[in-house]
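Trainee: Please take one part of this model and go through it closely. I want to know what packs where and what pairs with what.

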Amino acid sequence: MAKIGPGKSGGSNRQALTDEDNQGRELFCRWCKEAGLAISVDQMGTIFATREGTEPDLPGVYIGSHLDTQPTGGKFDGVLGVVAALEVVRTLNEYQVKTKRSIIVTNWTNEEGSRFVPSMLASAVFSGVYSLEYAYGLKDREGITLHHELKRTGWLGTEPVGARKIHSYVEYHIEQGPILESKHKSVGVVTHCQGQSWLEVTLTGRSAHTGSTPMNMRKNACLAMARIINIVDDIAMKLQPNVAGSVGQINMLPNSRNALPETAIFTIDLRAVDKDKFITLCELVETEVQKIAQEHNVLCSIERIGHYEPIEFDKQITEVVKNSAIQLGYDFMEITSGAGHDATWISGVAPTSMIFCPCVDGISHHESEDITQEWAESGANVLLHTAITLSNA
């Protein structure tokens, strides 16, 4: 899979619904057909590959993740969960194991949100968080809509989004952090997922000459942004532990060496495990953004482009994951996800849990992202035994 859309430094670049993503999807579907799976595609382009159970009318067990990547992404983020789910099916086929419920290997569309914002899009539409019309109208930086790209690449399916009844959903994913490796654990049993809020802030001041405009007469959007970046970090640090605040994407106009920035547009990423802390974090940041903008005499608008509160995964499903790890003799620990996943949204419509694989130095969303074969195998075996247990429930 990593040979498709190779990055410049050993990673992957298969952004959602690009030609590279299309090639990855086609390869995945070919593998699924070779494994005897029946393929269906919904109106968001999500791929469902079904291994039919002995009682196919029962709600199925869904396992999977996503194949799309960041522009300079690693080879394992999302992809591990999809190919490991397919390996589960291949193993069941090899040993001729029958299950009562069907097992459905799933590839969700546009999880990363690197091309079409927000992230985790198809799973959000599936669970009713966003409408299909909203998702279809989203545009990339070139102004191309998601609906156009679904049609162009041939992944505009006919199955209604969200029509499926899910018995349970389990997602296997790299941790994207350093905790498991530092604790010498080969498996992470994910119990919670941090709340996350994405804010897009637009500050509008006045462009002017950098040399002839007195310091006390400026309306500098960039200066206000710099102060906001600092206060976001201060607030997050004061609310520790398990709180994060960051500024990621930044755009300035006119972006000239000798002209004061008139407009600064940037994103703020806020995350916390505890619900009360998360609410406090969001409220404090939004209040301070407005306060700083006023102090610097610039106009300010804040758009919330993604938001969900902290969630707890289903305790029964999580217990099945934990028992599988115990039976297999793996060193594991309970862990909270610091990143968002499709499992976050699916947890709102079906019992859901996650399994984490360590990653080297905790590096992710980077081309140097790496895991060991031993780690990958441990998590895949836990996924296998979890799927067997759930599919016979």
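Mentor: Start with helix α7 (residues 221–238), which lies across β7, β8 and β9 and runs at about 170 degrees to β8. Angles are taken between N-to-C directions, from 0 to 180 degrees, with axes as lines fitted to C-alpha atoms, for helices over the stretch in contact. Contact means heavy atoms within 4.5 Å. Helices (H or I, at least four residues) and strands (E, at least two) are DSSP runs, numbered from the N terminus. The model is predicted: local features need pLDDT of at least 70, side-chain atom pairs need 80 or more, and totals for chains, interfaces and linings use all residues. Numbering starts from 1 along each chain as its sequence is written, and side-chain values use heavy atoms, without hydrogens or water.

Now the sheet. It is open, with 4 strands in the order β8-β9-β7-β10, paired antiparallel. Pairing requires at least two DSSP bridges between the strands. The edges are β8 (243–253) and β10 (299–308); each has a single partner strand, so one side of each lacks a neighbour in the sheet. From one strand to the next, the twist averages 15 degrees. In the interior, β7 (residues 195–204) and β9 (residues 263–272) run antiparallel, joined by 10 bridges. One such pair is T204 with T263 in β9.

Next, the annotated site. UniProt, in an unreviewed entry, lists H66, D77 and H173 under "binding site". Its positions are in the numbering used here, feature names are shortened, and annotations may be inferred rather than shown by experiment. These residues span 108 residues in sequence, yet no two of their C-alpha atoms are more than 9.6 Å apart, so they gather at one spot.

Take H66. It sits in the loop between β3 (60–65) and α2 (79–94). H66 is buried, at 0% relative accessible area. Buried is under 20%, exposed over 50%, partly exposed in between (1.4 Å probe, protein chains only). Beyond four places in sequence, H66 is in contact with residues including D77, H173, N107, W108, E111, E112 and D342.

D77 lies in the loop between β3 and α2. It counts as buried, at 5% relative accessibility. Outside four places in sequence, D77 touches H66 and H173, and among the others are D68, E112, Q176, H365 and E369. The side chains of D77 and H66 share a polar contact of 3.4 Å. That term covers N or O pairs within 3.5 Å; within protein, one must be able to donate a hydrogen and the other to accept it, and residues adjacent in sequence count only if both atoms are side-chain atoms.

Look at β3, the strand that leads into that loop. With 6 of its 6 residues buried, β3 is largely enclosed by the rest of the structure. Both faces are covered: G60, Y62 and G64 are buried on one side, and V61, I63 and S65 on the other. In a regular strand, side chains alternate between the two faces of the sheet.

What does β3 pair with? On record here is a parallel pairing with β5 (residues 166–174) through 4 bridges. In β5, V170 is the bridge partner of I63. β3 also pairs in the parallel sense with β4 (residues 103–107), over 5 bridges. There, Y62 is bridged to I104.
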